[in-house]
Structures are given as structure tokens and as C-alpha cells.
Amino acid sequence: MTESSAYYDDLETRDPELREAALLWAVARQIEHAKRNSPFYANRLAGIDPHQMISRDLLADVPVTRKHELIELQLSQPPFGGLATLAAGQAGRVFASPGPIHELETDDGDYWRMARAFHAAGLRAGDVLHNCFAYHLTPGGWIMDSGARALGCAVFPGGTGNSELQAAAIQQYRPVGFAGTPDFLKVILEKGDEQGLDCSSIKCALLSGGALFPQLREYYQGRGIATLQCYATADLGLVAYETLDSEGELCPGMVLDEEIFVEILRPGTGDPVPDGEVGEIVVTTFNAAYPLIRFATGDLSAILEGASPCGRTNRRIKGWMGRADQTAKVKGMFVHPEQVAVIVKRHEEVLRARMEITRSGDQDEMVLKVEAAKASEGLADAVTASLQDVAKVKGKVSLVEPGTLPNDGKVIDDQRKYD
């Protein structure tokens, strides 16, 4: 790789079929490693043969690990719930994120794999990065810090707040890059304008942790700053990142990181959805110290078909499209997406289902809309009985034509208004 290269490394332009085979092999190797070295996965994956993981469809037999499980496990088995393959004292850093959920970081270079996203954003070796993610408690600041340093950059650990001091530091160190939430850079720039400080050195920004609205992106463009977003979490590190084409124009969607395995699953299940359909982002990491296998992020997205104009050949997601955790309380009982999935699997004719919850007067009303292929007589009654049995709440069932339900990833659509 050269400094002027459009790509971070050759992985980004691999043949898609070769990439898929390599990633599936890495998933199998990670499952084998986790079974041997992680107490949690030794039990969770006891019946799984890693050598059979040769396709995405076969991966559906591997249990999904959900974020709420981490909270429960870590409370009962501190600090990492039995998932980690090393003790806390063997890690480089340990963290506590809201939840609470505890994470670790080792000293293995770019632990969170963020250098790739920084390179796509325009940062290069020898540049200075002004990092405004928090360095306390959570790994946010360190995620960005390690990626920039792996790329060969110096980092100013600005953290959050103190916009006047942040602007003064930008004038002093002349950073080329910025990392932080989408709106905080604007706060700093405006404070610099107010104080008569020169913040014009910043030419690229890698943003995360909030929505980058079009008008805000246009504001940065007007100041000569190329802004790209990345999707990363404290559990997983980098998942996907925006890119530019050869003309410097923003490309649609976000390219997946090369060193993780991403699936889009129907919420509440372990089943993959077709490309283009909205579902939950589920990630398998290849991290030896803290393996996460089929980890459900709780975020919704969809695979964007076709290749990116930037020339990278990996799959793309459309970006963040909402939350997959759609649990709702109906008539005093919680109804979960997993329950809808159980109902669907009980009836072979049912293709998809969507629970719609409304309010009529002082009463909750629940209708399970069901797409069915060649619905047999009595199917509605059978599904109604399953609904009562599984959810423990009475509701109606409505059969609809295949393709009728919206493609928005919702399994439970709570339409009640509380204002």
C-alpha cells in the first residue's frame, strides 16, 4: 500500500467469492477457538460443528447472542460474563459502557480496526487527528485513538466539552482530521469563529454516535471539510464506513469492514433475510480475546445491492435504519419479536408476520397481519390459537397477500399515541 492509494489494503478489492470463502473459514475458526477458550461459548456452542459452517444458511443453526444477555451474564459472572478468553488483568484497558456492559481492549495494534475507516475518510500517516470522543469509562475515544495511531497519525485527545479550548488546540496543532459526534465539530468551529481562532486546518472528519443531517453535511462542505460517517459499537469496534469515489463524491451506503462477518437477520430470529430486506445487524468478530459470535446489535439495516462506485468490492449496508428491539406491553403483558417468530415457524404456509398494536378508547388492540402462500381453510383460526398460546394475549389475525407488509424491519408496530 502507498500513501496515495485509494484503498487501505488489498482486502478491500478482493473478489467477492474469495472474500466470502475466507470470511466463512474465519467464522469456523473463531467458533472452534471460542468453544475451547471461552466458558460461555463452550456451553453455548456445545452442539455446533465449526467445520460445517460453509454457508450463510448453515450459520442459522448457531445461536444468536443478544446485548441483554451480556448485561445479565456480566452481573452474574463479572467482569465479562465468561465470554472473554483472558482475565481482566491481562487486558490493556477495561471499560464500562451504559447498560452497564463491560468491554476490554488488548495492546494488539488497531484492536478496533478503525484505521480502515480513517483512511477512507482521507487521513494519512503524518497527519494530526483531533479526537473528540470521550476517553473516560467507555472505549469511544480509544477506538478512534488506536485507529488513527495505527495509520501513523498523532492524536490530540480532546474528549468532550470545552469548545473554546478545543478550538484553541486546533489553531495550535493544525490537525487535518477530526473525530467526534456530527454536531460537536460545528460547535467548535463556531466557537473558533467567535474567538477569532483559525480552525481551517481540518479537511476531513470521521463522525459517529448520531445522525449527520444533510444540512449539517452541507455546512461542513461549505467550510472545506469532507465528512464521512462510520458505524461502530463499543462491543464490536468498526462495522461499516462511508466512502468517496475518485471524484471525491460520497458513495451510497456504508461498506462493511473486511475483518468481521455481518448478517442481516429477521428481528427476534436467527434467520437471514434476502438482500434488500430490512433486518437486524448481527456480527461475528474474529477477536481472539473477546469473541462475539452472531452478536445482535439491536440496529436495523439492509444490504444495498451492487458494487460501490468507490471500487471497494465488499457488501454495503444502507446505514442505520432504526432499532430492532420492538418489545411492547399489551394489556399488561410484554410481547416480543421472538414470539412472533415462534408463531411464524409453527405454520408452514406463513411467510412473514407483523404485529400491529393500536388503541381503541381505553383498550389495547392487537392484530397479527400474516402473509401466507396458498392459505388453507382454517389457517387464520390456527394462527389465532398460536397467538394466544405463545403471547398469552388475545388478538386478531388478518391474512394478507404476499409482499403486502412494509419492508422496514418491524415485527411489532406499536402505533399507540401517548401524547
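Here's a quick tour of some ring contacts and one sheet in this structure. Keep in mind that the model is predicted. There are 7 aromatic pairs to look for, and 4 strands come together as an open sheet.

**Aromatic rings**
- Let's start with Phe156 and Tyr173: their ring centres are 5.7 Å apart and their planes meet at 35°, so this pair counts as tilted.
- Phe156 belongs to strand 5 (residues 154-157) and Tyr173 to helix 7 (residues 163-173), so the pair ties together parts that sit 17 residues apart in sequence.
- Phe156 is partly exposed, with a relative accessible area of 23%.
- Elsewhere, you'll find Phe95, Tyr111 and Trp112 forming one aromatic cluster.

**Charges over rings**
- Arg93 has its charged end over the ring of Trp142, 3.6 Å from the centre of that ring.
- Lys186 does its thing over the face of Tyr219, at 5.0 Å from the ring centre.

**The open sheet**
- Strands of a sheet pair through backbone hydrogen bonds, and they can run parallel or antiparallel.
- Here the strand order is 1-13-12-11, and the pairing is mixed.
- Strand 1 (65-66) and strand 11 (260-265) are at the edges with a single partner strand each, so each has one side left without a neighbour in the sheet.
- Strand 12 (residues 279-285) pairs with strand 13 (residues 295-301) in the antiparallel sense, over 4 bridges.
- To find your place in that pairing, look for Val282, which stands opposite Ala296 in strand 13.
- Helix 1 (residues 16-37) packs on the sheet and touches strand 11 and strand 12. The direction of helix 1 makes about 95° with that of strand 11.

Methods:
Residues numbered from 1 in each chain as written. Predicted model: local features only at pLDDT ≥ 70, side-chain atom pairs only at ≥ 80, totals over all residues. Heavy atoms only, no water. Phe/Tyr/Trp six-rings, centres within 6.5 Å; stacked < 30°, edge-to-face > 60°. Helix = DSSP H or I, 4+ residues; strand = E, 2+ residues; numbered from the N terminus. Buried < 20%, exposed > 50% of the residue type's maximum accessible area, 1.4 Å probe, protein only. Lys NZ or Arg CZ within 6 Å of the ring centre and 35° of its normal. Pairing = 2+ DSSP bridges. Contact = heavy atoms within 4.5 Å. Axes fitted to C-alpha atoms, helices over the stretch in contact; angles between N-to-C directions.
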